[in-house]
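Reader: I am new to this structure and should like to understand the terms used for it. Please set each value against its definition.

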2 protein chains.
Amino acid sequence: MCNGLLEAGAELVSVYDPDTVKVNGFLSKFPEAQPAASMDEVINDPSINLIACASIPRDRGEIGTKAMHAGKDFFADKPPFVSIEQLEKCREACRSTGRKFFVYFSERLHVEAAVYAEKLIKEGAIGRVIHMDGFGPHRHSPEIRPAWFYDKSAYGGIICDIGSHQIEQFLYYTGAKSAEVEFSRTANYHTKEYPDFEDFGEVVLTGDNGATCHIRLDWFTPDALPVWGDGRTFILGTEGYIELRKYVNLCEDSGGSHVFLCNKSECTHIQADEKTGFPFFGSLIRDCLDRTETSMPQEHVFNTMELALKAQNAARQDKFFKE
Amino acid sequence: MCNGLLEAGAELVSVYDPDTVKVNGFLSKFPEAQPAASMDEVINDPSINLIACASIPRDRGEIGTKAMHAGKDFFADKPPFVSIEQLEKCREACRSTGRKFFVYFSERLHVEAAVYAEKLIKEGAIGRVIHMDGFGPHRHSPEIRPAWFYDKSAYGGIICDIGSHQIEQFLYYTGAKSAEVEFSRTANYHTKEYPDFEDFGEVVLTGDNGATCHIRLDWFTPDALPVWGDGRTFILGTEGYIELRKYVNLCEDSGGSHVFLCNKSECTHIQADEKTGFPFFGSLIRDCLDRTETSMPQEHVFNTMELALKAQNAARQDKFFKE
């Protein structure tokens with residue numbers, strides 16, 4: 001988040017985390033930041049316009065509400081909420097304070113293939129978008145996970161967490177404002193040592209404009225994949241389709257961002273690295289300075305999370321296979 | 001169907017179609033066949049053990065029932081039925097006559113990548129299969145379609161038709177015997193000139209062994225794709241995953257059958273052409289001669305079609321986008 005903002009011209013002021021090891025790690029990358037003694041010191045610093053927050057997901061909404069009441073715009077890592085109640089409080093804080101609440105939906109905003117797809121769709125390369133399939137596989141890597149990673153009340157469940165990325169992409173690429181949840185499922189298929197963990201999830205949506213969506217989420221990325229996940233997005237339009245291989249071209253490279261476009265006149269593989277950059281961060285900064293809404297409409301953030309939380313709450317919960 | 005059988009050692013006896021143009025087309029490829037004067041002549045020919053039938057889908061079940069009562073085994077193109085009633089009559093005919101009713105689920109049986117995947121799964125290359133995503137896109141090509149192509153009572157709907165392939169693969173690869181239909185949808189998004197046509201479909205299943213499935217079907221293959229459809233199968237297991245690019249490696253070749261395997265120890269692209277052949281046809285012939293059930297269990301055929309028809313009948317029906 002800080003990288004993206006700094007590359008777009010932001011100035012880094014201060015950093016706070018209750019864990020000083022983490023603060024020192026951050027400072028080794030960003031020596032210009034001043035370590036703050038408390039969160040309140042950051043929230044009350046009059047020189048700061050925007051706070052970026054990647055706390056435990058459960059705490060983000062409350063910190064954001066507090067920051068907005070202190071006159072700051074807020075940029076939360078995803079998922080920004082783990083409950084509808086947190087979301088509604090934040091929505092109300094946006095309304096009453098006039099401040100902005102951005103979310104770092106990195107799987108679209110910070111991936112060049114995803115930015116390139118947006119351009120193609122806007123140009124009409126695949127006609128009207130009918131359907132999106134999104135795969136969000138992730139490597140589990142239990143050896144590096146903090147305790148809260150396995151506490152559903154802290155991270156909100158696999159659909160709230162990973163699924164919010166996918167739902168955001170669906171609403172964005174199809175232009176739907178909201179959607180119905182037709183079906184949702186979470187499961188623990190193979191992570192017996194953490195019985196409350198959700199290692200699989202899926203959701204089917206129908207957008208308010210008729211576009212449809214299936215997303216699949218999992219923590220089963222195998223060791224031999226050279227990246228953390230073979231994230232894919234398939235966007236089907238009336239005149240063609242786009243496939244995004246967002247982080248790797250499976251078995252062909254060791255990491256890269258790829259767009260495959262097929263329509264009436266071309267079938268083209270576009271290597272998207274260093275093609276688009278990440279315009280979101282500059283737009284976000286301008287939105288803060290100019291009080292505009294060019295980077296991400298405020299209601300898009302809340303509609304995305306409302307859908308993710310509804311799908312999470314409605315999910316059929318499956319357990320291990322019968323042996 | 002005849003190609004596969006002849007390559008496996010079958011002898012072609014006779015051919016019948018009410019359309020003599022089609023009979024002549026067939027005879028130009030297979031000059032050893034004798035044209036029959038009627039369907040009954042074929043059904044009653046004592047030299048024939050097996051009848052292969054690619055009539056209009058609506059008629060296949062009845063022809064098969066008649067053929068089995070005349071002592072023949074039967075090999076239907078898919079979909080073999082367009083209603084549960086036809087299915088039940090055929091199931092009963094199998095029981096009462098002891099004859100066999102095979103279905104040409106070509107997207108698994110006659111695709112080398114799909115045969116290769118079966119081998120990998122049996123070897124344990126991806127552990128236990130958790131989930132399958134199947135994409136069944138097809139080129140519409142209205143200029144070559146007969147009138148019944150647009151008559152749902154004749155072809156059964158997009159899930160019954162294309163979806164039965166995908167459901168068959170799900171049951172086969174996961175080892176589920178049957179499944180619940182969690183959600184299904186058909187739509188006519190963009191084929192306004194044929195308002196009853198279904199140009200899109202999707203289904204979510206939960207297998208009786210806990211494995212899950214999403215399939216997506218459509219008639220939107222764009223002109224620039226060098227083959228009729230970019231059929232994909234993604235098989236997620238506890239220890240890795242397989243992606244099948246069944247008919248083309250998008251933007252990389254002009255047609256080929258590809259397996260991508262990623263697990264703990266390897267991330268490998270296997271060009272599957274001329275690797276496996278099509279063992280189904282030889283097994284089918286042996287099953288007919290030996291009265292065994294090695295090529296495809298009889299109940300697998302009926303369970304597949306029962307699921308496809310249930311999903312078709314339960315489908316949410318969507319229409320054009322709001323403009």
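Reader: What makes the relation of chain A to chain B that of a two-fold axis?
Author: In this predicted model, a rotation of 180° with 0.0 Å of shift along its axis superposes chain A on chain B, with an RMSD of 0.0 Å (least squares on the C-alpha atoms of residues with pLDDT of at least 70 in both). That is therefore the relation of a two-fold axis. The same surface serves both copies, since 100% of the contact residues of chain A recur in chain B (contact means heavy atoms within 4.5 Å).

Reader: Why is A:Glu180 said to form a salt bridge with B:Arg316?
Author: A salt bridge requires a side-chain nitrogen of Lys or Arg within 4 Å of a carboxyl oxygen of Asp or Glu. The closest N and O atoms of A:Glu180 and B:Arg316 are 3.6 Å apart, so the pair qualifies. Between chain A and chain B the count is 8 salt bridges.

Reader: How do you know that the buried residues of α10(A) line one face of the helix?
Author: The buried residues (under 20% relative accessible area, 1.4 Å probe, protein chains only) are A:Phe280, A:Phe281, A:Leu284, A:Ile285, A:Asp287 and A:Cys288. Seen down the axis of α10(A), they fall within an arc of 160° (taken from the directions from the helix axis to the C-beta atoms), so they line one face.

Reader: Which conventions apply?
Author: Residues are numbered from 1 along each chain as its sequence is written, and chains are lettered from A in the order in which they are written. Local features need pLDDT of at least 70, side-chain atom pairs count only at pLDDT 80 or more, and side-chain values use heavy atoms, without hydrogens and water.

Note on methods
Buried < 20%, exposed > 50% of the residue type's maximum accessible area, 1.4 Å probe, protein only. Helix = DSSP H or I, 4+ residues; strand = E, 2+ residues; numbered from the N terminus.
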